[in-house]
Amino acid sequence: MATVFYDGNGNEVTVSGGNGSSGGGYGGYMPYSFYEAIGDSLSFNGWPGNVAKALQITNVVNHAANGAHVIGTTTGWMIDQANAVSETCDLCTIMGGTNDGASILAGNIGVIGTKDTTTFLGSYQTIIETLLEKNPKMRIFMLKPPRRYDGGDTSAFDTISDCIDQLHEYYGIPVIDTYNDLGMNEFNYSAYLNADKLHFNNDGVNAMVTLVAHSIASI
């Protein structure tokens, strides 16, 4: 399945790899042959295709879409992306929440177990369980969204982080914390982000690939 990927500057990236039997530069056996990504514009460009390339996973599809939300009250619902994931997928990353600002989350956080798709927790649970119904052995990684410096609302990030921690405890699904572990902060963000102060440039893509690929390879 051919999919076009782009780096942080909008240049096309060639994704190539083996058959899932090698970890590329990360060493060892990679038990994945089909990787699919769910997310918003921060996942749309660059890093998922490059993660597949780093781990030498040949089959890769990026379902991420600009403006996508976790909560299903607007267009761009990420549950639609989960529905599009194939039954052959054995590795999936989910990164959402940047577009679910405080005004959307207010009163719509939800609780574990309800799967109420008008709430963040309910929508996220629906995404997870939709994937596991397709393939119970699918390896899923949840990514906490990275920091933003474009003047957008950041007050919801603690809430989103807490929700993902709850989902981790409930499902036992590993978490990759790009908010705290990417190495990006108010002193150096311009080295990782485009002029819009939100989307990754090439160095930001490379930082994501290093963190995500290493995390997948180490678990």
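A salt bridge is a side-chain nitrogen of Lys or Arg within 4 Å of a carboxyl oxygen of Asp or Glu. I began with this definition and searched the whole structure, which is a predicted model. The search returned three salt bridges.

**Entry 1. The salt bridges**

I first looked up lysine 115, which forms a salt bridge with glutamate 129. The closest N and O atoms of this pair are 2.9 Å apart. Lysine 115 lies in the loop between helix H4 (102-105) and helix H5 (120-134), while glutamate 129 is in helix H5, so the pair ties together parts that are 14 residues apart in sequence. I then checked how far each partner is covered. Lysine 115 is partly exposed, at a relative accessible area of 39%. Glutamate 129 is also partly exposed, at 21% relative accessibility. Since buried means under 20% relative accessible area, glutamate 129 does not count as buried.

I next turned to aspartate 165 and lysine 144, whose side chains meet in a salt bridge at 2.9 Å, N to O. Because aspartate 165 lies in helix H6 (residues 157-171) and lysine 144 in strand E6 (residues 139-144), this pair ties together parts that are 21 residues apart in sequence. Aspartate 165 is partly exposed at 32% relative accessibility, whereas lysine 144 is buried at 8%.

For the remaining pair I recorded arginine 148 and aspartate 150, with the closest N and O atoms 2.8 Å apart. Arginine 148 counts as buried, at 16% relative accessibility. Aspartate 150 is partly exposed, with a relative accessible area of 30%.

**Entry 2. Leucine 198**

Both residues of the pair just described reappeared when I looked up leucine 198, which is in contact with Arg148 and Asp150. Beyond its neighbours within four places in sequence, leucine 198 also contacts Leu42, Thr98 and Leu193. I located leucine 198 in the loop between H7 and H8. Leucine 198 is buried, at 14% relative accessibility. I also noted its distance to tyrosine 149: the two C-alpha atoms are separated by 6.1 Å, although the residues are 49 apart along the chain.

**Entry 3. Helix H8**

From that loop I moved on to helix H8 (residues 202-218). At its start, a side-chain oxygen of asparagine 201 reaches to within 3.0 Å of the backbone nitrogen of aspartate 203. I compared the helix with its expected span. At 1.5 Å a residue, the 17 residues of H8 should span 24 Å, and the end C-alpha atoms are 24 Å apart, which agrees.

I listed the buried residues of H8 as Gly204, Val205, Ala207, Met208, Val209, Leu211, Val212, Ala213, Ser215 and Ile216. An α-helix has 3.6 residues a turn, so residues three or four places apart point the same way. What, then, covers the buried residues of H8? I found that the cover includes H2, strand E5 (91-95), E6, strand E7 (175-177) and helix H7 (178-181).

**Entry 4. Helix H2**

Since H2 appeared in that cover, I examined it next. Helix H2 (residues 47-54) is mostly covered, with seven of its eight residues buried. These buried residues are Trp47, Pro48, Gly49, Asn50, Val51, Ala52 and Ala54. Just after H2, I noted that glutamine 56 takes a positive phi of about 55°.

**Entry 5. Glutamine 81**

I looked up glutamine 81 in helix H3 (residues 78-84). Is glutamine 81 buried or exposed? Glutamine 81 counts as buried, at 7% relative accessibility. Not counting residues up to four places away in sequence, glutamine 81 touches Ile38, Gly39, His63, Ala64, Ala65 and Ala68.

**Entry 6. Cysteines**

I searched for disulfides and found zero. Cysteine 89 is in no disulfide, and the nearest cysteine sulfur, that of cysteine 92, is 5.0 Å away. A disulfide requires sulfur atoms within 2.5 Å, so this pair does not qualify. Cysteine 89 is buried, with a relative accessible area of 0%. For cysteine 163 I recorded a relative accessible area of 0%, and this residue is likewise buried.

**Entry 7. The whole protein**

I closed with totals. The protein contains eight helices and seven strands. Of its 219 residues, 49% are buried. I noted an accessible surface of about 9300 Å², of which 48% belongs to carbon and sulfur atoms. Among contacts between residues at least 6 apart in sequence, 72% join residues at least 24 apart.

Note on methods
Residues are numbered from 1 along each chain as its sequence is written. This is a predicted model: local features need pLDDT of at least 70, side-chain atom pairs count only at pLDDT 80 or more; totals for chains, interfaces and linings use all residues. Side-chain values use heavy atoms; hydrogens and water are left out. Helices (H or I, at least four residues) and strands (E, at least two) are DSSP runs, numbered from the N terminus. Buried means under 20% relative accessible area, exposed over 50%, partly exposed in between (1.4 Å probe, protein chains only). Contact means heavy atoms within 4.5 Å. Accessible areas come from the Shrake-Rupley method with a 1.4 Å probe; for residues, only the protein chains shown count as cover. The expected span of a helix is 1.5 Å times one less than its number of residues. A polar contact is a pair of N or O atoms within 3.5 Å; within protein, one must be able to donate a hydrogen and the other to accept it, and residues adjacent in sequence count only if both atoms are side-chain atoms.
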